[in-house]
Amino acid sequence: MSKQELPVLASECCTPLIAEPIAEDEAAEMARVFKALGDPIRLRLLSLIGAHESGRQVGDGVCVCELTGAFAVTAPTISHHLKVLREAGLIDSQRRGTWVYYWIIPATLKRLTSVLALPETLVADAR
């Protein structure tokens with residue numbers, strides 16, 4: 001098989017998928033956040049926190065005691081996954097006595113959404 005170079009054609013045949021690509025540093029940060037969501041337990045934890053009314057209120061939060069029963073893993077495993085979500089900036093927490101309460105950080109979810117969002121023209125074309 002020969003190694004021939006293919007010519008690069010300057011053509012306007014394709015429209016870009018997004019109006020402007022994200023910057024390199026933003027891509028690295030978002031990749032870290034998406035990596036945190038790449039685990040099924042962490043994705044479910046984020047979903048459980050977000051589904052709870054208190055989990056959508058900054059400073060209010062869902063008690064960890066309400067989260068652990070939904071999984072067939074140990075409490076330390078749940079704590080580890082919550083720590084990963086917290087370090088990725090997806091959730092925040094506050095200790096109140098014996099228990100820790102968790103809530104979603106809306107700004108991070110908004111950034112994730114903006115990375116995945118298609119321009120309105122593409123959304124309209126897909127319909």
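In the predicted model, a salt bridge is formed between Arg-111 and Glu-26, whose closest N and O atoms are 3.4 Å apart. Because Arg-111 belongs to helix H5 (residues 106-116) and Glu-26 to helix H1, this pair ties together parts of the chain that are 85 residues apart in sequence. Neither partner is placed in the buried class: Arg-111 counts as partly exposed at 31% relative accessibility, and Glu-26 likewise counts as partly exposed, at 26%. Side chains of opposite charge can pair when their charged atoms come close.

The count of salt bridges comes to 3, and the remaining pairs are each found within a helix. In helix H1, where Arg-32 and Glu-29 both lie, the two residues are 3 residues apart, about one turn of the helix, and their closest N and O atoms are 3.0 Å apart in a salt bridge. Arg-32 is partly exposed, with a relative accessibility of 38%, and Glu-29 is also partly exposed, with a relative accessible area of 27%. In helix H4, the side chains of Lys-83 and Glu-87 meet in a salt bridge with an N to O distance of 3.9 Å; because these residues are 4 residues apart in that helix, they are separated by about one helical turn. Lys-83 is partly exposed, its relative accessible area being 40%, while Glu-87 counts as partly exposed at 49% relative accessibility.

A contrasting case is provided by Arg-42, which lies in helix H2. This residue is buried yet has no salt bridge, since the nearest side chain of opposite charge, that of Asp-39, is 4.4 Å away and a salt bridge requires the nitrogen and the carboxyl oxygen to be within 4 Å. The side chain of Arg-42 is nevertheless joined to that of His-81 by a polar contact of 3.0 Å. When neighbours within four places in sequence are left aside, the residues in contact with Arg-42 are Lys-35, Ala-36, His-80, His-81, Val-84 and Leu-85.

With respect to the overall fold, the secondary structure of the protein chain comes to 6 helices and 3 strands, which follow the pattern α-α-β-α-α-β-β-α-α when read along the sequence. Among contacts between residues at least 6 apart in sequence, 61% join residues at least 24 apart. Of the 127 residues in the chain, 26% are buried, and the accessible surface comes to about 9100 Å², with 58% of this area belonging to carbon and sulfur atoms.

The largest nonpolar core has 23 residues, and those with the most contacts inside it are Leu-45, Ile-49, Leu-67, Leu-82, Leu-90, Ile-91 and Tyr-102. At least two residues of this core are supplied by each of helix H1 (24-36), helix H2 (40-51), helix H3 (64-67), helix H4 (75-87) and strand E3 (99-104). Leu-82 illustrates how such residues meet: not counting residues up to four places away in sequence, Leu-82 touches Leu-45, Ile-49, Val-64, Leu-67, Ile-91 and Tyr-102.

Outside these helices, Glu-53 is found in the loop between H2 and strand E1 (62-63). Glu-53 counts as exposed because its relative accessibility is 59%, and exposed residues are those over 50%. Although Glu-53 and Trp-103 are 50 residues apart along the chain, their C-alpha atoms are separated by 9.5 Å.

How values were computed:
Residues are numbered from 1 along each chain as its sequence is written. This is a predicted model: local features need pLDDT of at least 70, side-chain atom pairs count only at pLDDT 80 or more; totals for chains, interfaces and linings use all residues. Side-chain values use heavy atoms; hydrogens and water are left out. A nonpolar core is a set of buried Ala, Val, Leu, Ile, Met, Phe, Trp, Tyr and Cys residues joined through side-chain atoms within 4.5 Å. Buried means under 20% relative accessible area, exposed over 50%, partly exposed in between (1.4 Å probe, protein chains only). Contact means heavy atoms within 4.5 Å. Lys and Arg count as positive and Asp and Glu as negative; His and the chain ends are not counted. A polar contact is a pair of N or O atoms within 3.5 Å; within protein, one must be able to donate a hydrogen and the other to accept it, and residues adjacent in sequence count only if both atoms are side-chain atoms. Accessible areas come from the Shrake-Rupley method with a 1.4 Å probe; for residues, only the protein chains shown count as cover.
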